[in-house]
Amino acid sequence: MMLEHVGILLLLVATAFAAARLRKTMMVAILFGIFSLLVATMYLLLEAPDVAITEAAVGAGISTLVIIATLLHTGKHDDRPHKGHFLVLGMVACLGLALMLVMHQLPPIGEADTPVNRLTDANGDLTANGHYQASTQRDIGVPNMVTAVLASYRGYDTMGETAVVFTALIAVLLILWPGIRHLFGGTPKGDGHA
């Protein structure tokens, strides 16, 4: 295990511990966004850039924004004073430092000799990329390799991810439904707060 892996794992544990300790819901939502960014960084270190991009976009980006928007809309965030400011600031500083270290070590985008673009490893064996390029047309008959990977090789994984995203979307729509009705001229039954 490389030093970067250990550092990311320690930051993940620290972020989870801080999220469990804090009592302010808004800060916990932000910490979960940081947690997703750390997970995305780990995926990147493990040479799974497609999963890393998805985790960064959905887990750290869209999910965090939806949670914060829901908290602001429902007014369910707790504004009681707490003592976690310095802990959160320290964690954000550590996260920023870790991300800068990782970004500094990334290979140039599009470089043919980067690990993700190599067709064979040092022993001459096919890498995952090489396997997909050599076998996709024969195994599946789909000309687009991305479609073949997402819809066939990793079909169950894609189906599970899609179910999670749609379930989250339905939950958010149910929470925001009174406000949506009001926005389009309907009369909400209450003030929109649970």
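Two residues are in contact when heavy atoms of each lie within 4.5 Å. Keep that in mind as you open this predicted model: among contacts in the protein with a separation of 6 or more, 48% join residues 24 or more positions apart.

**Whole chain.** Start by showing everything as a cartoon. You will find 7 helices and 0 strands, so to speak a run of α-α-α-α-α-α-α from the N terminus on. Switch to a surface next: the protein exposes about 13,100 Å², with carbon and sulfur atoms supplying 70% of that area. Of the 194 residues, 24% count as buried.

**The nonpolar core.** Now select α1 (3-21) and α2 (25-45), the elements that each give two or more residues to the largest nonpolar core. This core has 13 residues, and α2 gives the most to it, with 7. Show side chains for Ile8, Leu12, Leu22, Leu31 and Leu38, which touch the most other members.

**A helix crossing.** Move on to α5 (residues 128-139) and α6 (residues 145-153). Their axes come within 10 Å and cross at roughly 80°. Angles of 65 to 115 degrees count as roughly perpendicular, and α5 and α6 are therefore roughly perpendicular to each other. To see the contact itself, select Asn129, His131, Tyr132, Gln133, Ser135, Thr136 and Asp139 on α5, then add Met145, Ala148, Val149 and Tyr153 on α6. Colour this set by residue type and you will have 5 nonpolar, 5 polar and 1 charged.

Technical notes
Residues numbered from 1 in each chain as written. Heavy atoms only, no water. Axes fitted to C-alpha atoms, helices over the stretch in contact; angles between N-to-C directions. Helix = DSSP H or I, 4+ residues; strand = E, 2+ residues; numbered from the N terminus. Parallel < 35°, antiparallel > 145°, perpendicular 65-115°, else oblique. Nonpolar A, V, L, I, M, F, W, Y, C, P; charged D, E, K, R; others polar. Buried < 20%, exposed > 50% of the residue type's maximum accessible area, 1.4 Å probe, protein only. Areas by Shrake-Rupley, 256 points an atom, 1.4 Å probe, with all protein chains shown as cover. Core = buried A, V, L, I, M, F, W, Y, C linked by side-chain atoms within 4.5 Å.
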